Amino acid sequence: MATKTRETFLAKPVNHLYMLLVSAGALSFLGLVMVFSASSIHALDTRGTALAIVIRQFLFLLLALPLAAYLAKLSAQQWNAFGKLGFILSIAILMILLIPGVGRTVNGNTNWIDFKYFDVQPSEIAKFFMILWASHQLARREQSGKFDTHVLKLIAPAFCFILFLVMLGRDLGTASVIAVILAGLLFVSGIRLRVFGTICVIGAMIFAALVVTSSYRMQRFLVFLDPFAPEDYKDLGWQPAHSLLGLASGGLFGVGLGGSRQKWGNLPEAHTDFIFSVIGEELGLVGTLGVLVLIATLIYSIFRIGLRAQDPMTRYACAGIGVWIAVQSFLNLGSATSLLPVVGVTLPLVSYGGSALVATICALGFVAGAALRDPEVRREIVKKRQK
C-alpha cells in the first residue's frame with residue numbers, strides 16, 4: 001500500500017514542482033541558520049558583530065527570491081532569446097577580472113570583484129549563462145535535424161574558452177564544475193559513447209596535468225589520503241582533518257545548534273566550503289542525512305521536470321542545472337568528508353556566498369518555470385485553487 005502511494009505521488013508532475021520548491025526552500029532556510037552558527041565567531045572577531053555575514057546572506061536571498069519568481073514567468077521563447085547571449089555575457093563578466101585592480105584574490109584564486117560592501121563571483125553567474133547558451137545551441141541543432149557527434153564542435157570550444165578564463169584566476173574547483181557541466185550536456189545530447197569516453201579521458205589527463213604541474217595542488221591532492229599525518233596535519237591537512245573531527249564529534253544528534261567547537265578558529269572556511277562539517281557537529285548524523293535527502297530530492301525533481309519539458313532548450317537546460325548542482329554538491333561533500341581533495345566549492349543553497357546563492361536560485365527559477373509551463377501541472381494547480 002505504501003509503495004503504491006509513493007508511486008502515485010511521484011507519478012504526478014505537479015508533485016515534482018512541490019518537491020523542487022520544498023527542498024530548495026528547506027536548504028535555503030537551513031543555510032541561513034547554519035551560516036549564522038558557523039560564521040558568528042569569525043564575524044564577531046573580524047567585523048565586530050556576529051550578524052555581519054548572515055545578514056549579507058539574508059539580503060542576497062531577499063534579492064534572489066523575487067528575481068527567481070520573475071524568471072519563472074518567462075516563456076520558452078524568451079529564454080531562447082536570452083540563451084543566444086549567454087556566451088557573450090559570460091565572456092564579458094569574466095573579462096572584468098582581468099582589469100588591473102578590479103579582481104580580488106581569495107585563497108590564491110582571483111575570481112572575485114570587490115564592490116566594497118559586497119563581492120561578486122562572476123564564474124558562478126557564468127555557469128548559468130553557459131548552460132542557457134549551450135542549451136539554446138543544442139536545441140537549435142536538434143530542431144534542424146542535423147544532430148550528430150559534430151555537436152562537440154558546437155559547444156565545446158566556447159566552454160574551453162570559458163574554462164581558460166576561469167583558470168587565469170587559478171580556480172580549479174570552479175573549472176572542474178564547468179567541465180563536468182559540459183560533459184553532462186554532451187552526454188544528454190546523445191553523443192556517441194566512444195566519443196564521449198575519449199573526451200572524458202582527455203579531460204582527466206588535462207586535470208591531472210594541472211595538478212601535477214602545481215606543487216601546491218599536488219600536495220593538496222595527496223594530503224586528503226591521510227590528513228592526520230604528522231608532516232601534513234599542521235599544514236595542508238589542517239582543514240580536512242578538523243572537518244573530520246567536527247563530523248566525528250557530532251554523534252547521532254549532534255552537540256546542539258551553535259555548539260560547534262571546530263568553528264572557534266580550528267576550521268577555516270567553516271561557513272563556506274566546510275559548512276557540512278559544522279552541520280555534522282551540531283546536528284549530528286541525523287542532520288547530515290537530512291541535508292543529503294534534501295539535495296537528492298532537489299536534483300531528482302530537476303531531472304523529472306526536465307524530462308517532461310516539450311521545448312528542447314528547456315530539457316537541456318534542466319539537465320545542465322541538475323548536473324551543476326549534483327557535481328558541486330558531490331565535490332563539496334567529498335572535500336568535507338576527506339573522500340576527495342579540497343577543491344574549494346560551496347554547497348549549493350547552504351554555504352555562504354551571495355553570487356552562488358543568487359545564481360543557483362535563479363537557475364531553480366528557470367526549472368520552476370519549466371514545470372509551470374507543463375499543461376498538466378497548470379491544471380492541477382488551478383484545480384487545487386478552486387477547492
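Here are two short exercises on a predicted model, each with a worked solution. Local features need pLDDT of at least 70 and side-chain atom pairs count only at pLDDT 80 or more, while totals for chains, interfaces and linings use all residues. Residues are numbered from 1 along each chain as its sequence is written, and side-chain values use heavy atoms, with hydrogens and water left out.

**Exercise 1.** Work out which residues join Arg308 in one salt-bridge network.

*Solution.*
- Start with the cut-off: a salt bridge puts a side-chain nitrogen of Lys or Arg within 4 Å of a carboxyl oxygen of Asp or Glu. The structure holds five.
- Asp374 pairs with Arg308 at 2.6 Å, N to O. These two sit 66 residues apart in the chain.
- Glu376 also bridges to Arg308, at 3.4 Å, N to O. That pair is 68 residues apart.
- Shared partners thus tie Arg308, Asp374 and Glu376 into one network.

**Exercise 2.** Sort Asp374, Arg308 and Glu376 as buried or partly exposed.

*Solution.*
- Grab the cut-offs: buried is under 20% relative accessible area, exposed is over 50%, and partly exposed is in between (1.4 Å probe, protein chains only).
- Asp374 comes out at 9%, so this residue is buried.
- Arg308 has 34%, so Arg308 is partly exposed.
- Glu376 has 31%, so Glu376 is partly exposed too.

Methods. Helix = DSSP H or I, 4+ residues; strand = E, 2+ residues; numbered from the N terminus.
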